[in-house]
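Biologist: Let us walk through this fold together. Please keep the answers short.

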Amino acid sequence: RPSPKNKEKPEEATERKKNIMTDEIAKAQAAKPEEITLFDKIVAGQIPCSKVYEDDLALVFKDISPTAPVHYVAIPKNRSGMTQLSKATEDNKALLGHLMFVVGKVGRETTELADGFRVVINDGKHAGQSVYHLHIHIIGGKQLGWPPGTD
């Protein structure tokens with residue numbers, strides 16, 4: 001990121017955002033469901049993360065490639081076959097409800113999100129999903145554009 005003395009020009013910011021989006025789309029196109037995902041390794045403590053919230057069912061941590069001043073990822077600790085939202089079954093309803101409750105709780109308790117936040121679930125490669133472990137992005141800390149992706 002540029003320092004305050006070295007402000008990024010609008011065209012440089014646009015180009016940087018295009019490069020980030022291109023990288024994420026490439027990751028999503030190449031991603032495949034795995035037996036053990038990056039998020040499983042985070043839950044197991046094999047990969048460190050900056051935890052924001054944790055309980056018996058859910059973990060929320062800072063995204064390593066944030067798209068806004070606040071960008072968290074909420075995951076079920078046991079994905080219970082939920083590689084994607086579209087793969088959820090009747091048995092997953094309570095866990096899905098709990099995850100949404102946790103997202104709201106984190107939003108309420110994070111000062112930088114007091115004026116609002118966006119919740120995003122990418123489902124499949126056309127949506128940009130690059131890790132096949134259901135996860136919910138919590139994005140905010142600034143005015144977000146509409147439609148999504150225009151900020």
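**Contacts, cores and backbone**

Biologist: Which residues does H98 contact, leaving aside its neighbours within four places in sequence?

Modeller: Contact means heavy atoms within 4.5 Å. With neighbours up to four places away set aside, the partners of H98 are D55, L57 and A58.

Biologist: What kind of model is this?

Modeller: Residues are numbered from 1 along each chain as its sequence is written, and side-chain values use heavy atoms, with hydrogens and water left out. Local features need pLDDT of at least 70, side-chain atom pairs count only at pLDDT 80 or more, and totals for chains, interfaces and linings use all residues, since the model is predicted.

Biologist: What pattern do the helices and strands follow along the sequence?

Modeller: Both are DSSP runs, numbered from the N terminus: helices are H or I with at least four residues, strands E with at least two. The chain has three helices and five strands. Read along the sequence, their order is α-α-β-β-β-α-β-β.

Biologist: Where does H98 lie, and how far apart in space are H98 and P76, C-alpha to C-alpha?

Modeller: H98 belongs to helix α3. In sequence, H98 and P76 are 22 residues apart. In space, their C-alpha atoms are separated by 9.1 Å.

Biologist: Which element supplies the largest share of the largest nonpolar core?

Modeller: A nonpolar core joins buried Ala, Val, Leu, Ile, Met, Phe, Trp, Tyr and Cys residues through side-chain atoms within 4.5 Å. The largest one has 16 residues, and those with the most contacts inside it include V60, Y72, L99 and I138. β2 (58-62), β3 (70-76), α3 (93-109) and β5 (136-140) each give at least two residues to this core. The largest share, five residues, comes from α3.

Biologist: How many residues are in the second, separate core?

Modeller: Its members include F39, L59, F61 and I75. The count for this second core is seven.

Biologist: What are the contacts of I138, leaving aside its neighbours within four places in sequence?

Modeller: I138 is among the residues with the most contacts inside the largest core. Beyond those neighbours, I138 touches V60, V70, H71, Y72, A74, V103, V106, L113, F117 and R118.

Biologist: Is Q84 buried or exposed?

Modeller: Q84 sits in the loop between β3 and α3. Beyond four places in sequence, Q84 touches D123, G124, Q129, Y132 and L134. Buried means under 20% relative accessible area, exposed over 50%, partly exposed in between (1.4 Å probe, protein chains only). Q84 has 11% relative accessibility, so it counts as buried.

Biologist: What is the relative accessible area of S80?

Modeller: S80 is also in the loop between β3 and α3. S80 is not a glycine, although its phi is positive, about 50 degrees. S80 is partly exposed, and its relative accessible area is 41%.

Biologist: Which peptide bond is cis?

Modeller: One partner, P147, lies in the segment after β5. Omega is near 0 degrees for the bond from W146 to P147.

Biologist: What share of the residues counts as buried?

Modeller: The chain has 151 residues. Among contacts with a separation of 6 or more, 56% join residues 24 or more positions apart. The buried share of the residues is 34%.
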